[in-house]
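Hello,

Here is the structure I promised to pass on to you. Have a look at it first, and my notes follow below.

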Amino acid sequence: MSTATEKTMLENRIRELEFLKGRLERERTSLEGELIASQKEVVGLKCSMAEMSSASAGLRAELESLQRHLTNEKADTARLRNDVSVATAEIQDLQARLRQEETQRRLLHNTVQELKGNIRVFCRIRPIIPSDKMPGGKIAHLNVLHDNSMNAPASGKGPSKFEFNFDRVFGPNATQQQVFDEISQLIQSALDGYNVCIFAYGQTGSGKTFTMEGGTAGSETDGMIPRSVRLIFAACESLRAKGWAYKIEASFLEIYNEQIRDLLGPSGGVHDIRIVNNETVVTNLKNEQQVQNLLARAQQQRAVASTSCNEHSSRSHSVLRLKLTGVNADTAETSNGLYMVDLAGSERLKESGATGDRLTETKHINKSLSNLGNVIMALAAKESHVPYRNSKLTLLLQQALGGNAKTLMFVNISPKENCANETVNSLRFAAKVNACHIGTAMKNS
Ligand SMILES: Nc1ncnc2c1ncn2[C@@H]1O[C@H](COP(=O)(O)OP(=O)(O)OP(=O)(O)O)[C@@H](O)[C@H]1O
Ligand SMILES: [Mg+2]
């Protein structure tokens, strides 16, 4: 081999080796880069590991604290459960005592009511109103002497004044609230299981409708009916805590010319209705507003006309019956009725100047009122026959009058001097009723 060839081979070999060297150097640089990156990664991982192990220690501590908390909570729950069962037993014991006390209260309340008499008469003189056109605007001929006595002028020979005594006399300034305060005890009796009848008697224009129904609904002038409804619902609510559940049903009838008319009629499906002996009974009354709505409907349907004494005279007797049925876990159910009656005005035919329809109405009104008087007198005299059947009014009130009921009569009096004769008539009738002692009321069960 020639030297030139050898040199060429060696030069090729050197180039190859240099190429190889270059490649190896690039590889080395790349590997060094990778090594640095890996070293950085290792440092990063070590950091994360340190962080995670400290986090894990924190979590472990938190878990231990939660476990301690849970153990404490469990102990508390067990203690509370025990307290609750002790309290429940105490509540049951108190409720039983409350029911016993409620029974005691009912007995005592009834004793007080019996001592006051099962038929009571309250007299109310209405104030002068603009249409009375009274000279001087003063009531000169009637005097309230005391809470329970008054006098009125006598005509003819003998004393110049008659004195009358009643269970209560309300003067012209008495408010509806003051009057209601005196009757609210009777509403309680109705809830306690007695039949109660409250009725307003008196001449046309003397304030019967004002006393029973009142003026503008929902105002201070609300009468005995809306106030009683309010009291009943409030009392039912508080009696619920004493273990009583009440069912309230209502019917509202009027007697016009000896015919019974239903003031509630079909209700358009708003309330549950039963027809009992052709009479609408609205059942399932849940709140005061429902009853007040029924009263407003009845009021619209009532027969009203103008008489010489009253622009809006009621020409019918209206009878609202609220049936209250109370059920108690310990005792039997008690069921009874609260009757609230707004009678048509008594009016003497001669003085009424009535003709035509008004005359027929007045005759019917007077006849049924005198029958009512006969029934009360027969009950007072303990006669074997009580003439309930003589008029629709007394027939309808049969349950509400007599031995099984507590009765309150309002005798409403007009302040007008030209009504003085009629006033004395009403007062005499009322005084006769006041003198009655009608048996002892028996509780319904
Ligand atoms: N205590 C009172 N306070 C204010 N106004 C009263 C009072 N009592 C009655 N009135 C008013 O006297 C008028 C006659 O009363 P009401 O209509 O109640 O008589 P009534 O006895 O029902 O008569 P009727 O038998 O003719 O129906 C009404 O305008 C009524 O608002
Ligand atoms: Mg009236």
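**The cavity**

The structure holds 1 cavity of 30 Å³ or more. This is a predicted model, in which local features need pLDDT of at least 70 and side-chain atom pairs count only at pLDDT 80 or more, while totals for chains, interfaces and linings use all residues. Residues are numbered from 1 along each chain as its sequence is written, chains are lettered from A and ligands numbered from 1 in the order in which they are written, and side-chain values use heavy atoms, with hydrogens and water left out.

A word on the method: rolling a probe the size of a water molecule over the atoms shows where empty space is left. A cavity here is a set of points, on a 1 Å grid over the protein atoms alone, where a 1.4 Å probe fits but cannot get out. Grid points are joined across faces, edges and corners, and the volume is the space filled by probe spheres set on the points.

The largest cavity has a volume of about 50 Å³. Its lining (residues with an atom within 4 Å of a point) is made up of Ile-255, Tyr-256, Asn-257, Glu-258, Arg-315, Ser-316, His-317, Glu-361, His-364, Ile-365 and Ser-368. Two or more of the lining residues come from each of strand E7 (244–256) and helix H7 (356–380). The largest share, 4 residues, belongs to H7. Helices (H or I, at least four residues) and strands (E, at least two) are DSSP runs, numbered from the N terminus.

What is the chemical character of that lining? It divides into 3 nonpolar, 5 polar and 3 charged residues. For this count, Ala, Val, Leu, Ile, Met, Phe, Trp, Tyr, Cys and Pro are nonpolar, Asp, Glu, Lys and Arg are charged, and the others, Gly among them, are polar.

One lining residue, Glu-258, has another feature to look at: its phi is near 65°, a positive value in a residue other than glycine. Glu-258 sits in the loop between E7 and strand E8 (259–262).

**The protein as a whole**

The protein has 9 helices and 15 strands. Of its 445 residues, 41% count as buried, where buried means under 20% relative accessible area, exposed over 50%, and partly exposed in between (1.4 Å probe, protein chains only). The accessible surface comes to about 24600 Å², and 54% of that belongs to carbon and sulfur atoms; these areas come from the Shrake-Rupley method with a 1.4 Å probe, and for residues only the protein chains shown count as cover. Among contacts (heavy atoms within 4.5 Å) between residues at least 6 apart in sequence, 68% join residues at least 24 apart.

**The nonpolar cores**

A nonpolar core is a set of buried Ala, Val, Leu, Ile, Met, Phe, Trp, Tyr and Cys residues joined through side-chain atoms within 4.5 Å. In the largest core, of 42 residues, Ile-198, Ile-232, Leu-322, Leu-338 and Phe-410 touch the most other members. The elements giving two or more residues to this core include helix H2 (176–191), strand E6 (195–202), E7 and strand E15 (405–413). Helix H4 gives the largest share, 8 residues. A second, separate core of 41 residues includes Cys-123, Ile-365, Phe-429 and Val-433. You will recognise Ile-365 from the cavity lining.

Leaving aside residues up to four places away in sequence, Phe-410 touches ten-odd partners worth browsing, among them Phe-122, Val-179, Ile-183, Ile-198 and Met-224.**A few residues to click on**

Strand E7 holds Glu-249, which is buried, with a relative accessible area of 4%. The C-alpha atoms of Glu-249 and Gly-337 are 9.3 Å apart in space, with their positions 88 residues apart in sequence. Ile-248 is also found in strand E7 and counts as buried at 4% relative accessibility. From Ile-248 to Cys-236, 12 residues away along the chain, the C-alpha separation is 9.7 Å.

Where does Asn-118 lie? Asn-118 is in the loop between helix H1 (3–116) and strand E1 (119–125), and it is buried at 7% relative accessibility. Asn-118 and Cys-436 are 318 residues apart in sequence and 9.1 Å apart in space, C-alpha to C-alpha.

Cys-436 turns up again with Ala-381: the two are 55 residues apart along the chain, and their C-alpha atoms are separated by 8.1 Å. Ala-381 has its place in the loop between H7 and H8 and is partly exposed, at 48% relative accessibility. Lys-382 lies in the loop between H7 and helix H8 (392–396) and is exposed, with a relative accessible area of 58%. Phi of Lys-382 is near 50°, a positive value in a residue other than glycine.

Best wishes

How values were computed:
On a 1 Å grid over the protein atoms alone, a cavity is a set of points where a 1.4 Å probe fits but cannot get out, and a pocket is an open set with protein on both sides within 12 Å along at least five of seven lines; lining residues have an atom within 4 Å of a point.
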